[in-house]
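Let's take a walk through this structure together, one stop at a time. Keep the sequence handy and the 3D view open as we go.

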Amino acid sequence: MNSSFFKGAVREIVDATGRLALAGTLGWQDVRARYRRSSVGAFWLTISMGVVIGTIGIVFGQIFKSPMEQFLPFLAIGLILWNFISTVITEGCSGFIAAEAVIKQLPIPLPVHIFRMIWRNLIILAHNIVIFPLVLLVMQKPLHWVALLSIPGLAVVVLNLTWGALLMSTVCARYRDIPQIITSALQIVFYLTPIMWLPHLLPQRAGAYIVDANPFYHLIEIVRAPLLGETPQLENWLVSGVMCIVGWAVTLMFYGRYRRRIAYWL
């Protein structure tokens, strides 16, 4: 029985990947509709993110007495990636709920709605990432060839976020209080993740608990470290890879078992 759940979920995921063009088109429409009749468009997000990075960089750079040429690029890419990750998770909680009308009317594979949401946020990430080279330019820091490692790193992050969003969408379709819990938990995780503070500022023992045991740190680091001219540690890749494999296995089993009930829960 468990094998049939797993196979059914895999089959539906494969069917949904065959509709990536549809998910991409819907994702573009979401972004365009959100900023319709705006002269700047989605770049309002870039402007807003740039102001936040500049303000926090000046304030917290002084508080932690960190060199600005080191702290500001670290903060910029960290905030941009965290905004992407946290938004995908929170919107993933309502992925099926937001698509209720479509789910009840059209026989589209349910993961298409997750792919649509992730593509929409990848577009927003592409707008925000423009800030990072500008920060490097202001700080007169070069972009090294090791930055290319951020591409497979981002792919691993997206794979992890996809299973997380699919799992959360399924659970939250049944239990509507969970999105509020997830939102509150993410606020706590944000302060426990090295985004506004440098990891070396922590004592060694505290760092082992707060940083090394934090899966969000490893996901961010496999993208952030190459962009800062550093090679991610093997531990970062291992944690992110194992989380991806185990997460997909659990999600496929869970989604395969309850996917036929989602339309009734909605």
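What follows is a tour of a helix, its cysteines, a pocket and a few individual residues. One thing to keep in mind throughout: this is a predicted model.

Start with helix H13, which covers residues 234-258. Does its length make sense? For a helix of 25 residues at 1.5 Å a residue, you'd expect a span of 36 Å, and the end C-alpha atoms are indeed 36 Å apart, so the two agree. Now look at which parts of H13 are hidden: Asn236, Ser240, Cys244, Gly247, Trp248, Thr251, Leu252, Tyr255 and Gly256 are buried. As you read along that list, it helps to remember that an α-helix has 3.6 residues a turn, so residues three or four places apart point the same way.

That list included a cysteine, so what about disulfides? How many does the structure hold? The count is 0. Cys244 is a clear case: the closest cysteine sulfur, in Cys93, sits 19 Å from its own sulfur, which is too far for a bond. Cys244 has a relative accessibility of 11%, so it counts as buried. Cys93 is the one to look at carefully, with the sulfur of Cys172 as its closest cysteine sulfur at 4.0 Å. That is still too far for a bond, because a disulfide needs the two sulfur atoms within 2.5 Å. Cys93 is also buried, since its relative accessibility is 1%.

Next, turn to the second largest pocket, with a volume of about 320 Å³. Its lining is made of 18 residues, and those closest to the centre are Ile89, Asn160, Trp163, Gly164 and Phe216. Which helices supply at least two residues each to this lining? They are H4 (68-93), H9 (150-174), H10 (178-192) and H12 (215-227). H9 gives the most, with 7 residues. As for chemistry, the lining has 16 nonpolar residues and 2 polar ones, with no charged residue.

Gly164, one of those residues closest to the pocket centre, deserves its own stop. It belongs to helix H9. With a relative accessible area of 19%, Gly164 is under the 20% cut-off and so counts as buried. Gly164 also takes us back to H13: its C-alpha atom is 7.4 Å from that of Gly247, although 83 residues separate the two along the chain.

Helix H7 (residues 111-128) is the next stop, and Asn121 is found there. Is Asn121 buried or exposed? It is buried, with a relative accessible area of 5%. Its side chain has a partner, reaching the backbone oxygen of Met117 at 2.9 Å. Ile123 lies in H7 too, and Ile123 is buried at a relative accessible area of 5%. From Ile123 you can jump to Val31, which is 92 residues away in sequence but 8.0 Å away in space, C-alpha to C-alpha.

Finally, two loop residues. Most residues other than glycine have a negative phi. Gln140 isn't a glycine, yet its phi is positive, at about 55°. You'll find Gln140 in the loop between helix H8 (131-139) and H9, and it is exposed, with a relative accessible area of 71%. Arg36 sits in another loop, the one between helix H2 (20-34) and helix H3 (43-63). At a relative accessible area of 60%, Arg36 is exposed as well. To finish, measure across the model from Arg36 to Leu252: they are 216 residues apart in sequence, and their C-alpha atoms are 37 Å apart in space.

Terms used
Residues numbered from 1 in each chain as written. Predicted model: local features only at pLDDT ≥ 70, side-chain atom pairs only at ≥ 80, totals over all residues. Heavy atoms only, no water. Helix = DSSP H or I, 4+ residues; strand = E, 2+ residues; numbered from the N terminus. Expected span 1.5 Å × (residues − 1). Buried < 20%, exposed > 50% of the residue type's maximum accessible area, 1.4 Å probe, protein only. 1 Å grid on protein atoms, 1.4 Å probe; cavity = no way out; pocket = protein on both sides within 12 Å on 5 of 7 lines; lining within 4 Å. Points joined across faces, edges and corners; volume = space filled by probe spheres on them. Nonpolar A, V, L, I, M, F, W, Y, C, P; charged D, E, K, R; others polar. Polar contact = N/O pair within 3.5 Å; in protein donor to acceptor, adjacent residues only side chain to side chain.
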